[in-house]
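Colleague: I have a model open and would love a close look at a single part of it. Could you walk me through one helix pairing and what surrounds it?

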Amino acid sequence: GRSVSGGEVVLAHGKNLFYHLLHNTSASDHAGWGGSAFRVIQALTSWLQLNGFSSSDIPTHQDIDRIIESSFTWSTDWEGAAELATRFLDKYGIDCQMISIESGIEVSRIVPQLVGHFKAEGTPVIIGNVVVSYILFGIELNEVTGEVFFLILDGDDLPSKVKTTKCVWKKEDLFIGDFFYHFCLPIRPKN
């Protein structure tokens, strides 16, 4: 739970679905690998679809594999879900703004940009690095105290958790100081 006294809540607009590890695939297709970035992309696609920005089917893991194979050199380019989201959104003609921070302790510096994004665009934000894949659906911020909570859907939720999977309000310490983070902020199509 959260408790920001006097905080302002800003949220992504619209509906979204969460896709677990075995959506449109089998366990043998991904033995030994969780694919959290894939689930984040599937959830982002559901947002695009449910909110009228795409009529495409939710991509399978094989579809996403093809995007990765055509877009990245694994040893040098792959940095996580945010980079994958930029390639994926490009397929739909959707631009995005990228924000990067060198350390999780820098996240408070970009909170005003994230709040502005939710107010102006209302699209979910993809967050990733080589370890985590998240979708940010909202922020609660008290501008006086600086206290902030993030409404997060974690791509690492596995099928055993599907019945309880939900967005959860997380404190700033979700962002670990030793890791960089990339934030992909999709720009709402104007047409």
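Which residues in H1 meet which residues in H3?

Modeller: Happy to, keeping in mind that this is a predicted model. On the H1 side, the residues in contact are Ala37, Phe38, Val40, Ile41, Leu44, Thr45 and Leu48. Their partners in H3 are Ala81, Leu84, Ala85, Phe88 and Leu89. Sorted by class, this contact has 11 nonpolar residues and 1 polar residue, with no charged ones. As a general point, nonpolar side chains in soluble globular proteins tend to be buried together.

Now the geometry. H1 covers residues 36-50 and H3 covers residues 81-91, and their axes come within 10 Å of each other. The two axes cross at roughly 40°, so H1 and H3 are oblique to each other. The crossing of H1 past H3 is right-handed.

Just beyond H3, have a look at Tyr92, which sits in the loop between H3 and strand E2 (96-101). Its relative accessibility is 18%, and Tyr92 therefore counts as buried. Setting aside neighbours within four places in sequence, Tyr92 is in contact with Thr45, Leu48, Ser54, Ser56 and Asp57. Two of these names will be familiar, as Thr45 and Leu48 are among the H1 residues that meet H3. Ser56 is 36 residues away from Tyr92 in sequence, yet their C-alpha atoms are 9.3 Å apart in space.

It also helps to follow H1 into the interior. The largest nonpolar core has 53 residues, and H1 gives the most to this core, with 8 residues. Within the core, the residues that touch the most other members are Leu114, Ile127, Leu136, Ile139, Phe150 and Phe183. Take Leu136 as an example: apart from neighbours within four places in sequence, Leu136 is in contact with Leu114, Phe118, Pro124, Val125, Ile127, Phe150, Leu151 and Ile152. Leu114, Ile127 and Phe150 thus appear in that list as well as among the core members touching the most others.

Finally, here is the setting for the pair. The protein has 4 helices and 7 strands, arranged along the sequence as β-α-α-α-β-α-β-β-β-β-β. Of its 191 residues, 49% are buried. Among contacts between residues at least 6 apart in sequence, 66% join residues at least 24 apart.

Terms used. Residues numbered from 1 in each chain as written. Predicted model: local features only at pLDDT ≥ 70, side-chain atom pairs only at ≥ 80, totals over all residues. Heavy atoms only, no water. Axes fitted to C-alpha atoms, helices over the stretch in contact; angles between N-to-C directions. Helix = DSSP H or I, 4+ residues; strand = E, 2+ residues; numbered from the N terminus. Parallel < 35°, antiparallel > 145°, perpendicular 65-115°, else oblique. Left-handed = near helix turned anticlockwise from the far one by under 90°. Contact = heavy atoms within 4.5 Å. Nonpolar A, V, L, I, M, F, W, Y, C, P; charged D, E, K, R; others polar. Core = buried A, V, L, I, M, F, W, Y, C linked by side-chain atoms within 4.5 Å. Buried < 20%, exposed > 50% of the residue type's maximum accessible area, 1.4 Å probe, protein only.
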